[in-house]
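Work through these exercises with the model open beside you. Try each task before reading its solution.

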Amino acid sequence: MAVVAVVGGGAGAWAHVDHQERERAEQAALVRVDDAVGSRDADVALWGASDATVGRAVTATTRAEAGAALAALAEQARATLAASEGKVADDATRQALAAVLAEADAAAATPGPSAATARRVAATLGAAHATVAQAQVEWQQAQDAAAARAARPTTPSGGGTGSSGGTATGTPPSCRTTYDGPPFYTSPATDGGDGSNGKLPPSALTAVSWDVDPRGTPYYLRNDAAAALERLNGAFRARFGHDLDLDLTYRDYATQVAMREALGTIAAVPGTSSHGTGLAMDVPELPCEYGWGTPQRDWLVANGPSYGWVVPSWARQNGSNPEYWHFEYRG
Ligand SMILES: [Zn+2]
């Protein structure tokens, strides 16, 4: 199963991607608030009361920066608030966000917030925003699960209508992928590779034994990671009666460059991806098979560490970039 768009995936599939984008942007904005506030604190301490004039000027500049950063944070939260209307189980989460937004707007207004206010409002806003974003993800998952249940007794090939929003009245797809971007495939070893990220030579990689990708490319991992995954797959097969499904393992530098170009900040900066070191695997982006709370994923999370395969903190459901499909080998 490659990361290809399932026909009928619709805009619902993008909601997940949008969520990640928003979350990354929000993290960046939070950092800017802290940077602005932090530089102001440092500058004020540096100049001290001995040069009150300069101190006041520095404070005014950085207050404006903190205000602008807070306004950017509020803008992202406002987008989530709008997009989540009717798409959370409990609207109280949205009302709470609306209330914090009003406070943030007031704080961000000229001449800008004090350091303490900027930090407090940014933290409160970030928490309220994350709560709504998470509620929206859970709502979408419930919709997808219901659609998958509805489709199961009928045709397994599904037959999406192309409509979005999850309130499908037609025949929903049996299990809609949460990935809706252009297709990318796992990579072969890099002939003459120097061993750096995305340039691993054949001698550094081993293909897993049970599967190849839709184009026939073996799923390569660093030798020790592949050996460990063979053992993990044996246990997985004993539990579920079939091999572990894979989507992407090793990814070369050129592919990472293409992904970054196509997907923006969702994709790692070329040269930094754990897929480029042959130490990461993605299972298919199919919420009903490997999504949060599925028996397969729960089993992998519980048993993977015995084989050296773990979920990095950023990929967890409450992490900075939730990816239920991503696992890494830590030995
Ligand atoms: Zn991954």
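**Exercise 1.** Decide whether Thr 294 is buried, partly exposed or exposed.

Solution. Start with the cut-offs: buried means under 20% relative accessible area, exposed over 50%, and partly exposed in between (1.4 Å probe, protein chains only). Thr 294 has 9% relative accessibility, so it counts as buried. Next, place it: Thr 294 sits in the loop between α7 (287-290) and α8. Helices (H or I, at least four residues) and strands (E, at least two) are DSSP runs, numbered from the N terminus. Then list its contacts, meaning heavy atoms within 4.5 Å. Not counting residues up to four places away in sequence, Thr 294 touches Pro 287, Cys 288 and Glu 289.

A note on the source: this is a predicted model, where local features need pLDDT of at least 70, side-chain atom pairs count only at pLDDT 80 or more, and totals for chains, interfaces and linings use all residues. Residues are numbered from 1 along each chain as its sequence is written, and side-chain values use heavy atoms, with hydrogens and water left out.

**Exercise 2.** Treat Gln 296 and Gly 195 in the same manner: find the element, the exposure and the contacts of each.

Solution. Gln 296 belongs to helix α8. Its relative accessible area is 11%, so Gln 296 is buried. Beyond its neighbours within four places in sequence, Gln 296 contacts Phe 236, Phe 240, Glu 289 and Tyr 290.

Gly 195 lies in the loop between α4 (115-151) and β1. Its relative accessible area is 40%, so Gly 195 is partly exposed. With neighbours within four places in sequence left aside, Gly 195 contacts Leu 200 and Pro 201. Measure out one more pair: Gly 195 and Thr 277 are 82 residues apart in sequence, and their C-alpha atoms are 8.3 Å apart in space.

**Exercise 3.** Which residues are the protein donors of the zinc ion?

Solution. Donors are N, O and S atoms within 2.8 Å of the metal (3.2 Å for Na, K and Ca); water is not among the atoms, so sites may look incomplete. His 275 (NE2), Asp 282 (OD) and His 326 (ND1) are the protein donors, 2.0 to 2.1 Å from the zinc ion. Their spacing in sequence is H-x6-D-x43-H. The two histidines link distant parts of the chain, 51 residues apart. His 275 is in the loop between α6 (253-263) and β3 (280-282), while His 326 is in strand β5 (residues 326-329). Both histidines, His 275 and His 326, are buried.

**Exercise 4.** Which residues of α6 are buried, and where do they lie around the axis?

Solution. Thr 255, Gln 256, Met 259 and Leu 263 are the buried residues of α6. They cover an arc of only 100° around the axis, so they lie on the same side of α6. That arc is taken over the directions from the helix axis to the C-beta atoms. The general rule: an α-helix has 3.6 residues a turn, so residues three or four places apart point the same way. Now turn to the other face: the exposed residues Ala 254 and Glu 261 are on the face of α6 turned away from its buried side. After α6 comes Gly 264, with a positive phi near 70°.

**Exercise 5.** Which residues touch the most other members of the largest nonpolar core?

Solution. A nonpolar core is a set of buried Ala, Val, Leu, Ile, Met, Phe, Trp, Tyr and Cys residues joined through side-chain atoms within 4.5 Å. The largest one has 27 residues; Leu 229, Leu 244, Leu 246, Met 281, Val 283, Leu 300 and Trp 309 touch the most other members. Elements giving two or more residues to this core are β1 (205-212), β2 (218-222), α5 (223-240), α8 (295-303) and β5. The largest share, 7 residues, comes from α5. Another core, of 17 residues, lies apart from it and includes Ala 74 and Val 100.

**Exercise 6.** How do β1 and β2 run, and how many bridges join them?

Solution. Strands pair if DSSP finds at least two bridges between them. β1 and β2 run antiparallel, joined by 4 bridges. Ala 207 stands opposite Tyr 220 in β2. The two strands form a hairpin with 5 residues between them, and Gly 216 in the turn has a positive phi of about 90°.
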